[in-house]
Amino acid sequence: MLISTKGRYAIRILVDIAENSKGGVISLSGVSERQEISSKYMEIIAHMLVDGGILVGFRGKNGGYKLAKAPEEISILEVLELTEGTVAPVHCLEKCDNVCPKKATCRTVGMWTEVGTLISEYFGSKTIRDLMKV
């Protein structure tokens, strides 16, 4: 499993918004400067997070973004599944129609399933709040 910049940046963006918005709306330009992420790439990620119900976007002069729910209610697993599609360690465990024909007799699938469970449980137990400076 390799987590892309999209997943990593999404987490950084959410932590930054949680730390700096004080419950209000925050523009991405400040987040972009603090996190040193291009504003164009941030917009792509922000739209994914809005579509996934993690961020709420506001248009207009005082527009920007705010968290759709409390930081302790946003798991890292939720963010990664939204941005990455899956955190499965191998392709045959991804939630898709492409089932490996050897899955029933594969001697390694149990190991990969266990690793996948550990990954999901770990990221599922961590929240944006856990990553914030308090």
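## Exercises on core, loop and cysteines

Leu14 touches Leu49, Ile54, Leu55, Leu67, Ile74, Val79 and Ile128, leaving out residues up to four places away in sequence; contact means heavy atoms within 4.5 Å. The model is predicted: local features need pLDDT of at least 70, side-chain atom pairs count only at pLDDT 80 or more, and totals for chains, interfaces and linings use all residues. Residues are numbered from 1 along each chain as its sequence is written, and side-chain values use heavy atoms, without hydrogens and water.

**Exercise 1.** Find which element gives the largest share of the largest nonpolar core.

*Solution.* A nonpolar core is a set of buried Ala, Val, Leu, Ile, Met, Phe, Trp, Tyr and Cys residues joined through side-chain atoms within 4.5 Å. Buried means under 20% relative accessible area, exposed over 50%, and partly exposed in between (1.4 Å probe, protein chains only). The largest such core has 31 residues, and Leu14 is among those with the most contacts inside it. Elements giving two or more residues to this core include helix 1 (5-20) and helix 5 (109-125). Helix 1 supplies the largest share, 8 residues. Helices (H or I, at least four residues) and strands (E, at least two) are DSSP runs, numbered from the N terminus.

**Exercise 2.** Decide whether Ser75 is buried or exposed.

*Solution.* Ser75 lies in the loop between strand 2 and helix 4. Beyond its neighbours within four places in sequence, Ser75 contacts Phe123, Gly124, Lys126 and Thr127. Its relative accessible area is 16%, so Ser75 is buried.

**Exercise 3.** Explain why Cys106 and Cys92 are not bonded.

*Solution.* A disulfide is a pair of cysteine sulfur atoms within 2.5 Å. The closest cysteine sulfur to that of Cys106 is in Cys92, 6.3 Å away, which is too far for a bond. The whole structure has 0 disulfides.
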